[in-house]
2 protein chains.
Amino acid sequence: MTIVKHGPASNAASKQKEAGAVVLALDAMGGDFAPEEVVLGAAAAAGPSLAVLLVGRKTEIEKALAGAKGAGRDFVEIIDAPDIIGFDEEPVKAVRQKANSSLVAACRLVAEGRAAAAVSAGNTGAMLAAALLQLGRIRGLKRPGLCTVLPTPGKPTVFIDVGASSEARPLHLLEFANMASIFAADVLGIANPSVGLVSIGEESVKGNELVLEAHRLMASQPQLNFYGNIEGRDIIRNVVDVVVTDGFTGNVCLKLMESTSSLIIEEVKKAAAASLTAKIGGALLKRRLGDFRKSIDAKEIGGAYLLGVRGLVIVCHGNSDRRAIASALGYAARAAQQDLVGNLGERVASL
Amino acid sequence: MTIVKHGPASNAASKQKEAGAVVLALDAMGGDFAPEEVVLGAAAAAGPSLAVLLVGRKTEIEKALAGAKGAGRDFVEIIDAPDIIGFDEEPVKAVRQKANSSLVAACRLVAEGRAAAAVSAGNTGAMLAAALLQLGRIRGLKRPGLCTVLPTPGKPTVFIDVGASSEARPLHLLEFANMASIFAADVLGIANPSVGLVSIGEESVKGNELVLEAHRLMASQPQLNFYGNIEGRDIIRNVVDVVVTDGFTGNVCLKLMESTSSLIIEEVKKAAAASLTAKIGGALLKRRLGDFRKSIDAKEIGGAYLLGVRGLVIVCHGNSDRRAIASALGYAARAAQQDLVGNLGERVASL
């Protein structure tokens, strides 16, 4: 890993850090539109209070940076890391073999204290493996969880676990609830967030064995604002601030929500195009629909947080564009300033 | 249970049955809008080739029937069953204590061979318990599954299990796959339906223990057209004809899909109302949106089938209106004519 200086002054990020700026490590090679869109997202987000370390293949990053407009490019630094982990590689094996891959290097920068967070739109499994390997778990915590923010109308909803692991035990769900509550408070500013447990009925006796036992555990914790069970329909209805489920259910639900939203919007467009009258209506409605689409677009919130590791790690959607990357960097900076990871550690230690 | 004659001739249903008509038992008291909407749905669906036994409180049913228009009311018969099982009652206990409840009586009519199917929009758990108690499982089958049809654009998708049970073992998922394949062929007319298993990645090594083992089992069955794993996003994308998952995941997904669709359509309407220009557009688009909404409305398909019991049992959404009930009765008649239950028994016996 070689540091390549970029920006007006050499060692720009270090100087910014000394001046109180947040420094984030971004996997410049991860995602469907990397490195171009990722690098341009960094350039859009970077500024005097936010320095971005662009981790990846130096020449490719430089080429992408050449297309950046504005002052942002003066606040990035390139960290050369030539290896690439593809979307189809077996995560743990790939992470062990490719220590100089961009996402492993990004996590290492966090482990070394040179960056406050690692952000990647690359292979999620590899990012989780790299985070665990480089950072380890918070002391006393059994299972990290991947937490995302659903852009539900009115106010956002925190959703955990969306796929850090495929099986869970009741204690893990309790840990997810605790961690996501702190996330909701620190990053989204929600005071005393309410927590719902996904089940197949609202009553405490409804659910599978995992949920029945997790319900009992969560109900016994005075520090949690536990609402009780919620059903599938309630996930997006702002019934609670934090929605807790196992990584299998959460992953399936998240992907289902995305495709249901897309499908409906596509069908609305088709309906609008199907007749002349409707076509005129559709054209007039188009701008408003664009605004609406933006409001429900997960890209606006920016990525999923791997809670429970000793460092801030954010995984963005593979199809992230510059806007999504810039947004993710903004939220990551906020989480770093709030010392989210430190607060998680304190909560776990106090239990 | 007392038979109360209704219609132009006494014993109308029996006579119709002799003439080759399908006779269905409908729980007239089940659902948010019972008995009015349920009874009117029956009157809309009934005719010379379809007789409906309206099971429930005689006087209430008669009152509702008085509002029916058209000839349909001449093809229904009232079966007096005064007990009511509410939505909040513990299913097994309620079913045992209230043998003369409308839904238990409807299942009993099927067990006695007097009706080809029992249809209810009442308490799902109670209906499942009543079906198991009155009809029993198909010989050789371990676990019934609740199967529904998703009105995905282009062609429908069969989805099983949406909540007959909260836990599943790999063998149960295989049984669900076999049963839902026969359902897709018999009721929807899909030749050699392809079957997908819900997981958190397409590769056969992705998933929880249940899915990994179920995948191996399903891949080893020559009679199944097994596609492999599908992800949450693929459930509604017509990737496969039949989607298989455990009852916990299926129930959560079904309710999540419903609320996501409703939410998006509500937001589209709000977007249309938010400015004058968009308002004009929205008004013009309104009729097309109505058509579209109808096309994705689960009510159009009509109910979930409890596959694996020795009789045809259909559970409708609690909020079913007359249209939903009429649609469910139409599909139920088709399933009866195709001898769905007999075909399921043959498939199970052949394995």
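**Group meeting: a walk through chain A, with a stop in chain B**

Okay, let's start with the inventory: chain A has 12 helices and 12 strands. Keep in mind that what you're looking at is a predicted model.

A couple of overall numbers for chain A. There are 351 residues in it, and 57% of them count as buried. If you take the contacts with a separation of 6 or more, 75% come from residues 24 or more positions apart.

Now, which residues sit at the heart of the nonpolar core, in terms of touching the most other members? In the largest one, with its 253 residues, they are Leu24(A), Ala117(A) and Leu24(B). Let me stay with Leu24(A) for a second. Setting aside neighbours within four places in sequence, Leu24(A) contacts Leu50(A), Val52(A) and Leu53(A), then Ala115(A), Ala116(A), Ala117(A) and Val119(A), and finally Leu329(A), Ala332(A) and Ala333(A).

Those last three take us to helix H11 of chain A, which covers residues 322–337. H11(A) has 16 residues and spans 23 Å from first C-alpha to last, close to the 22 Å you'd expect at 1.5 Å a residue. Plenty of alanine is buried here: Ala324(A), Ala326(A), Ala328(A), Ala332(A), Ala333(A), Ala335(A) and Ala336(A), along with Ile325(A), Ser327(A) and Leu329(A). And just past the end of H11(A), have a look at Asp339(A), which has a positive phi of about 55°.

Next up, a helix pair. H5 of chain A, residues 102–111, packs against H6 of chain A, residues 124–135, at an angle of about 30° and with the axes 9 Å apart. The crossing is right-handed. Who's meeting whom? From H5(A) we've got Leu103(A), Val104(A), Cys107(A), Arg108(A), Val110(A) and Ala111(A), and facing them from H6(A) are Ala126(A), Met127(A), Ala130(A), Ala131(A), Gln134(A) and Leu135(A). By class, that contact comes out at 10 nonpolar residues, one polar and one charged.

Last stop, chain B. Find Val158(B), in strand S7, residues 157–160. Is Val158(B) buried or exposed? Buried, because 25 other C-beta atoms lie within 10 Å, and the cut-off for buried is 20 or more. Not counting residues up to four places away, Val158(B) touches Cys147(B), Val149(B), Ala180(B), Phe183(B), Ala184(B), Asp241(B), Val242(B) and Val243(B). One more pair to click on: Val158(B) and Val244(B) are 86 residues apart in sequence, with their C-alpha atoms 8.5 Å apart in space.

Note on methods:
Residues numbered from 1 in each chain as written. Chains lettered and ligands numbered in written order. Predicted model: local features only at pLDDT ≥ 70, side-chain atom pairs only at ≥ 80, totals over all residues. Axes fitted to C-alpha atoms, helices over the stretch in contact; angles between N-to-C directions. Helix = DSSP H or I, 4+ residues; strand = E, 2+ residues; numbered from the N terminus. Left-handed = near helix turned anticlockwise from the far one by under 90°. Contact = placed C-beta atoms within 7 Å. Nonpolar A, V, L, I, M, F, W, Y, C, P; charged D, E, K, R; others polar. Buried ≥ 20, exposed ≤ 12 C-beta atoms within 10 Å, placed from the backbone. Expected span 1.5 Å × (residues − 1). Core = buried A, V, L, I, M, F, W, Y, C linked by C-beta atoms within 7 Å.
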